[in-house]
Amino acid sequence: MDIAFTGTRKLINNQNKIVWGKLEQLLELNSNWFDGDALGDDAVVRLAANRYNNPKTDFEVQGKQRYAFAQRSKRMIAAIAPSKNKKLIAFANKNCPKGCKPSKSPSGKGSGTWLTIAYAYHLNIDVEIIFLEDSLELPCWLQQSEPKQLSLW
C-alpha cells in the first residue's frame, strides 16, 4: 500500500501523540510512505519511518514561492495515484477554507493540507482525515456520497 501524508507544520499539545499513534498503527500494513519536507507531521513521519525502517519517499519544495509548496504536494499525490492500493492520511488542525474544493488545480486558500486533500479527492484517492482539534467538520464535498458507476450491461 502507498500512503501519503499531509498536515500541519506545527504540532501542539497532544497532537504529536495523535500522529505517532496513527503511524504505529500503519506499521502493520507493509506500506510505503510518502511525505513532504516540512516541520510538524512531515517531520514525525520521517522520524517514524527511519526509526522503524519503513520505506519512504520524501518530496522537497523546489523554490521559495508559495506555489512551490503546492507543487510539492501535488507531485507527492501524483506519485501514489497509479498505485492500485493508495491512501492519503491528513492530519487537519483547522476546517477546510471556503472556496477550497477538488479540482485539477485546487486552491487551498492558505491551507496546504486542504489543498492536498482536495487534489487527492479529485484523483479518486482514498482520504482519511484525522482531526487534531475538537469541533472540526468535513467540508460538504467530502460529506456527499460518491457517484455510483452505472452499467448498461
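A residue counts as buried when its relative accessible area is under 20%, as exposed when that area is over 50%, and as partly exposed in between. By this criterion N30, at 69% relative accessibility, is exposed. The model described here is a predicted one.

## Loop residues with positive phi

N30 is placed in the loop between α1 and β2. Its phi is near 55°, a positive value in a residue other than glycine. A second asparagine, N124, has a positive phi of about 60° although it is not a glycine. N124 belongs to the loop between α4 and β5. With a relative accessible area of 66%, N124 is exposed, because the limit for that class is over 50%.

## Salt bridges

Five salt bridges are present in the structure. Three of them are listed below with the separation of their nitrogen and oxygen atoms.

| Pair | N to O distance |
|---|---|
| D35 and R46 | 3.9 Å |
| D37 and R72 | 2.5 Å |
| K87 and E128 | 2.9 Å |

The salt bridge between D35 and R46 connects distant parts of the chain: D35 is in strand β2 and R46 in helix α2 (residues 41-51), 11 residues apart. D35 has 0% relative accessibility and therefore counts as buried.

D37 forms its salt bridge with R72. D37 is in the loop between β2 and α2, whereas R72 is in helix α3 (residues 66-80), so the pair ties together parts that are 35 residues apart in sequence. The two partners fall into separate accessibility classes: D37 is partly exposed, with a relative accessible area of 33%, while R72 counts as buried at 10% relative accessibility.

The side chains of K87 and E128 also meet in a salt bridge. Here the link runs from strand β4 (residues 86-92), which holds K87, to strand β5 (residues 126-131), which holds E128, and the two residues are 41 residues apart. K87 is buried, its relative accessible area being 17%. E128 counts as partly exposed at 23% relative accessibility.

K87 and E128 belong, together with K22, to a network of salt bridges. K22 is found in helix α1 (residues 15-26) and is buried, with a relative accessible area of 13%. The C-alpha atom of K22 is separated by 9.3 Å from that of I89, although these residues are 67 residues apart along the chain.

## Aromatic pairs and charges over rings

The structure contains four aromatic pairs. In the pair of F5 and W33, the ring centres are 5.4 Å apart and the planes stand at 75°, so the arrangement is edge-to-face. This pair links distant parts of the chain, F5 being in strand β1 (residues 2-7) and W33 in strand β2 (residues 32-35), 28 residues apart. Both F5 and W33 are buried. Elsewhere, W114, Y121 and W141 are linked into a cluster by ring pairs.

Two charged side chains are placed over aromatic faces. R9 lies over the face of F69, at 5.7 Å from the ring centre. K74 lies over the face of Y119, at 4.9 Å from the ring centre.

## The largest pocket

Rolling a probe the size of a water molecule over the atoms shows where empty space is left. The largest pocket has a volume of about 540 Å³. Its lining is made up of 28 residues, of which R9, G110, S111, G112 and T113 lie nearest the centre of the pocket. One of these, R9, is also the residue that lies over the face of F69.

The elements that give two or more residues to the lining are β1, α3 and α4 (112-122). The largest share, seven residues, comes from α3. In composition, the lining divides into nine nonpolar, 13 polar and six charged residues.

## Elements that recur

Several elements appear in more than one of these features. Strand β2 holds W33, the ring partner of F5, and also D35, the salt-bridge partner of R46. Helix α3 holds R72, which pairs with D37, and gives seven residues to the lining of the largest pocket. Strand β1 holds F5 and is also among the elements that give two or more residues to that lining.

Conventions
Residues numbered from 1 in each chain as written. Predicted model: local features only at pLDDT ≥ 70, side-chain atom pairs only at ≥ 80, totals over all residues. Heavy atoms only, no water. Phe/Tyr/Trp six-rings, centres within 6.5 Å; stacked < 30°, edge-to-face > 60°. Helix = DSSP H or I, 4+ residues; strand = E, 2+ residues; numbered from the N terminus. Buried < 20%, exposed > 50% of the residue type's maximum accessible area, 1.4 Å probe, protein only. Lys NZ or Arg CZ within 6 Å of the ring centre and 35° of its normal. Salt bridge = Lys/Arg side-chain N within 4 Å of Asp/Glu carboxyl O. 1 Å grid on protein atoms, 1.4 Å probe; cavity = no way out; pocket = protein on both sides within 12 Å on 5 of 7 lines; lining within 4 Å. Points joined across faces, edges and corners; volume = space filled by probe spheres on them. Nonpolar A, V, L, I, M, F, W, Y, C, P; charged D, E, K, R; others polar.
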